[in-house]
Amino acid sequence: MSDAERPPRSTGNKIVRFAIVGLANTAIDLASFFLLLKLGVLPLPANIAAWFVAVTFSFAANGFWSFERNRAIRLHDAFLRFASLGGLISLGVSSLSIALFAGIAGVWPAKIGGVVVAAVLNFLAARWSIEGRFLR
């Protein structure tokens, strides 16, 4: 069955798929972050590098499995939208969380708190960047 013949996925189905990809993405992010910390990289640069690895996986998985990619949006443009919004949301929230709360709560609780806060915002951003729509 081609993409054109397949009925569109429901928002609920997209949320479930996005959550599954998000769990895998979070595992990749945290594993990369852990490895970089073990290699002696400082927390903020490690966070940026781990995010880049995770966002690349997330775009591929969400673009081909969670959402119906709008073919009118070039793949390159969709990735730029996805990564830009991901940078503002995921990287921004998690880095801010590390900068503000690592000294109080520790690096790991600060990192995980940032990941949780960014998850909901990322669903809307991913939907817009891949499908070209926000709420409808």
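**Exercise 1. Break down the lining of the largest pocket by class, then by helix.**

By class, 19 lining residues of the largest pocket are nonpolar, 11 polar and 2 charged. Here Ala, Val, Leu, Ile, Met, Phe, Trp, Tyr, Cys and Pro count as nonpolar, Asp, Glu, Lys and Arg as charged, and the others, Gly among them, as polar. This is a predicted model: local features need pLDDT of at least 70, side-chain atom pairs count only at pLDDT 80 or more, and totals for chains, interfaces and linings use all residues. Residues are numbered from 1 along each chain as its sequence is written, and side-chain values use heavy atoms, without hydrogens and water.

Next, the helices. α1, α2, α3 and α4 each give at least two residues to the lining. The largest share, 11 residues, comes from α4.

**Exercise 2. Locate the largest nonpolar core and trace its helices.**

Start with the members. The core has 12 residues: F18, W51, V55, F59, F67, I73, A78, F82, L91, F123, A126 and I130. Such a core joins buried (under 20% relative accessible area, 1.4 Å probe, protein chains only) Ala, Val, Leu, Ile, Met, Phe, Trp, Tyr and Cys residues through side-chain atoms within 4.5 Å.

Then the helices. α2 (43-66), α3 (75-105) and α4 (107-131) each supply at least two of these residues. A second, separate core of 6 residues includes F33, A50, A102 and A110.

**Exercise 3. Find the contacts of F82.**

Set aside neighbours within four places in sequence. F82 then touches V55, S58, F59, N62, A126, S129 and I130, with contact meaning heavy atoms within 4.5 Å.

Notes:
Buried means under 20% relative accessible area, exposed over 50%, partly exposed in between (1.4 Å probe, protein chains only). Helices (H or I, at least four residues) and strands (E, at least two) are DSSP runs, numbered from the N terminus.
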